[in-house]
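Student: Could you take me through one part of this model closely, the positive surface patch and the segments around it, and then set beside it a few other local features?

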Amino acid sequence: MNNSKSNPQSSGDGSAARVEYRVQGLSCANCARELQDELQKMEHGHDAALMYNSGRLLISPKADLSRVESILKGDGASLVKNGREQEKGHAHGGHNHSHDDGHEHSHDHAKGQDHGHSHGEGESLVKWMLSLSAVIFAASLVLGSILPENALIVMYLTSMVLSGYSTFLRGLRNLFRLKFTMDTLMTVAMVGAVLIGEWKEATLVALLFGLNELLEGYGMSRARKSMEALLDAAPKQATLIREGKEVTVPISQLQVSDIVLIRAGEKIPSDGTVLEGHSAVNEAAITGESIPVPKKPGSPVFGGSVNAEGLLKVTIDKAYEDSSLAKIMHLVQEAQDTKTPTELFIDKFSRYYTPAIMIIAALVVLVPPLLFGQPWMKWVYEGLAILIVGCPCALVLSSPIALVSGMTRCARNGVLVKGGVHLEQLGKINAIAFDKTGTLTKGTPAVIREIVYDNEKLHKVAGAIENGSLHPLASAIVRHITAKGTPKSSFPQPSDLVTLPGVGIQGNIEGTRYLVGSEEVLEQASLSNVEKAQVKGDLQRLKDEGLTVVLASDDRHVLGLFGLADEIRPESQEVINQLHRAGIEHTVMLTGDHSGSAQAIAAKTGVTDWHAGLLPEQKVNKIKELSRNWKVAMVGDGINDAPALAASSLGIAMGKGTDSAVETADIVLMQDHLGKLPSAIRTARQVSRIIRWNIGIALTLKLIAILLTIPGWLTLWIAVMSDMGATIVVTLLGLTVLLGKDKQVN
């Protein structure tokens with residue numbers, strides 16, 4: 001056995017880290033849960049986690065692997081031979097990564113291995129055996145009136161062995177352990193049918209159940225493959241420039257400040273900054289945006305994005321395990337296996353459900369013959385059918401496929417959901433609080449309005465004076481002037497530039513003193529009463545609009561006024577409209593800005609409410625206040641937003657915001673805008689609807705089948721079709737989440 005196992009590391013709580021193995025052939029979510037229970041009873045296995053959704057096992061390095069394999073074998077599952085852990089040395093519970101030098105960091109998910117519902121067999125072999133079983137069964141039906149009974153029994157038995165032997169062996173093993181799984185129920189039903197001479201029914205049960213297992217595994221496999229397609233974005237190696245030579249190395253060996261060469265069509269190995277070259281880079285793997293982004297020296301790039309055109313030299317800013325892509329893949333993988341309240345309830349329900357079905361079946365067998373003198377064989381048959389109806393497969397499967405599909409669809413569109421529980425929560429929210437700066441607005445000031453008194457001088461003078469300043473307002477004014485058609489090259493050269501605290505900047509141009517700054521500039525100029533009254537009136541109107549005002553003047557006249565504000569993102573208004581249409585009843589803007597500016601932006605974006613002048617702790621109090629009446633999500637991007645993100649029912653961060661906001665949030669919008677938020681909410685609500693439908697369908701079909709026992713109409717094949725039909729329906733409904741295209745607000 002050559003399963004790669006990492007060296008144990010210490011997790012955050014001081015306990016030894018768990019190591020990760022790929023597992024193939026898990027038969028179903030319910031069986032995986034029962035296997036996990038057995039693994040946790042092992043020595044050093046108390047914290048073992050077997051995750052059906054992603055086909056992974058996390059267990060202490062001290063655990064006995066031969067015992068682990070023996071337990072897995074009980075369900076026809078096994079550790080992937082010669083497989084490597086998804087993330088070598090990953091300390092689950094901490095956030096540490098370690099990579100063996102010289103070994104390529106693998107993200108291939110043991111491709112080619114069977115992750116389906118084939119109990120360790122290759123899927124093609126299972127399909128072949130089921131097909132052969134079906135042919136033999138069909139032949140027995142056609143030749144039933146010709147062949148002797150013994151020959152028919154041999155055909156039935158052969159068909160049963162081909163399609164149901166693995167179920168029978170597992171069920172028999174579990175029966176001896178008094179462990180009542182779905183395999184146990186099926187085995188008892190098949191054996192019982194044979195003992196009472198119902199060979200045809202027993203064969204049909206085995207055949208349909210084998211088909212049911214294959215379809216169930218196919219559904220989960222499809223959801224897994226969709227998720228794995230996202231993880232394929234991980235580059236495997238990089239071209240490192242070392243001492244002037246090009247060296248190909250695994251990305252795990254890259255260090256901060258290394259310089260790598262990325263040719264057209266190659267993936268960027270880790271987050272970095274362009275050192276040389278111009279190109280367009282496809283960042284769809286990170287942000288979900290399909291349009292390539294222009295890059296030049298000084299531009300930041302994400303690991304996993306694709307260089308679409310030219311040759312780039314990139315300085316590595318983060319080791320791969322700290323890069324955006326590595327964090328996304330880690331979070332996506334963890335998210336697959338985070339159980340939601342619905343799943344936890346179903347798990348708990350299933351523990352009592354299966355024994356209850358056994359009791360009901362026993363009562364169906366015993367009560368009519370003993371109390372009402374009914375024939376034994378008829379009610380033994382009905383009891384066997386009840387056992388088949390009782391399989392919790394469809395019920396257990398009603399949630400995970402839909403959740404994995406939903407998280408995959410969101411991740412495919414650049415919305416990273418850190419767990420199924422958060423996806424469920426996203427589907428339930430009815431109020432969203434937005435931080436203003438950097439979320440509804442761009443976070444940089446822009447000239448919204450200008451009032452010109454001197455057309456000839458205003459732009460040249462203001463541009464010349466402000467061009468030398470690093471103040472954000474000065475930069476915004478220079479951008480505005482150049483956009484209006486006055487190039488920087490035409491600005492006159494000022495002299496004797498002086499910063500006047502609380503006022504602005506003063507300078508001389510061609511012998512005349514000019515000032516550009518706040519309304520205090522008025523006190524520095526000798527204006528006529530008429531001009532002063534006009535300027536003050538215009539200034540007040542701009543302030544009433546929530547604008548910050550910058551004046552430009554000489555000693556005797558005001559040249560003009562610039563009204564600036566944090567620029568609203570172009571998509572904000574349409575995003576708010578779509579959120580309201582999607583069922584979000586209450587949208588609130590929270591900001592530390594003054595009320596005039598807040599009111600103006602609230603009016604333009606269409607939020608239902610706003611609160612201004614808030615400190616970080618006051619934002620938290622507002623979130624708590626809103627949470628009393630609403631299910632609130634908070635959207636933010638700054639360090640000061642992190643407490644509010646944590647206090648809300650659901651924290652949503654802008655992916656290009658600060659690390660603290662992204663780490664604190666439950667959902668991350670990997671784009672630098674809100675355009676994908678409405679579609680993510682629609683997806684979450686679709687997932688919630690499908691889960692409710694799936695649970696309802698699974699229970700309803702089983703209830704109908706059980707009710708058929710009252711008149712004695714329930715047959716074994718109806719029981720199997722009921723269970724099979726429910727499983728197929730919940731699987732297909734879960735996969736529908738992956739269909740369709742998401743519209744982005746631009």
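Tutor: What follows starts with the patch, passes to the annotated spans, and ends with two loops and a helix.

This is a predicted model, in which local features need pLDDT of at least 70 and side-chain atom pairs count only at pLDDT 80 or more, while totals for chains, interfaces and linings use all residues. Residues are numbered from 1 along each chain as its sequence is written, and side-chain values use heavy atoms, with hydrogens and water left out.

Lys428, Lys631, Arg689 and Arg692 together form a positive surface patch (patch residues have over 30% relative accessible area and no salt bridge, and like charges are joined within 9 Å; a salt bridge is a side-chain nitrogen of Lys or Arg within 4 Å of a carboxyl oxygen of Asp or Glu; accessible areas come from the Shrake-Rupley method with a 1.4 Å probe). Of these residues, lysine 631 sits in the loop between helix H20 (616-627) and strand E26 (632-636), where helices are DSSP runs of H or I with at least four residues and strands are runs of E with at least two. Lysine 631 counts as partly exposed because its relative accessibility is 43% (buried means under 20% relative accessible area, exposed over 50%, and partly exposed in between).

Helix H23 covers residues 677-707 and contains glycine 696, which is partly exposed at 31% relative accessibility. The C-alpha atom of glycine 696 is separated by 9.8 Å from that of alanine 726, although the two are 30 residues apart along the chain.

An unreviewed UniProt entry lists several spans as "transmembrane region", among them 128-147, 352-372, 690-710 and 716-740; such annotations may be inferred rather than shown by experiment. In the model, residues 352-372 are 100% helix and 0% strand, with end C-alpha atoms 29 Å apart, whereas residues 128-147 are 75% helix and 0% strand, with their end C-alpha atoms 25 Å apart.

Two loop residues other than glycine have a positive phi. Histidine 44, with phi near 65°, lies between helix H1 (29-40) and strand E2 (49-51) and is partly exposed at 33% relative accessibility. Glutamate 510, with phi near 50°, lies in the loop between strand E20 (504-509) and strand E21 (512-517), and this glutamate 510 is exposed, its relative accessible area being 76%.

Helix H15 (residues 458-466) is largely enclosed by the rest of the structure, because eight of its nine residues are buried; the buried residues include Leu458, His459, Val461 and Glu466.

How values were computed:
Patch = residues over 30% accessible without salt bridge, like charges linked within 9 Å, V, L, I, M, F, W, Y side chains within 5 Å. Lys, Arg positive; Asp, Glu negative; His and termini not counted. Charge placed at Lys NZ, Arg CZ, Asp CG, Glu CD. Buried < 20%, exposed > 50% of the residue type's maximum accessible area, 1.4 Å probe, protein only.
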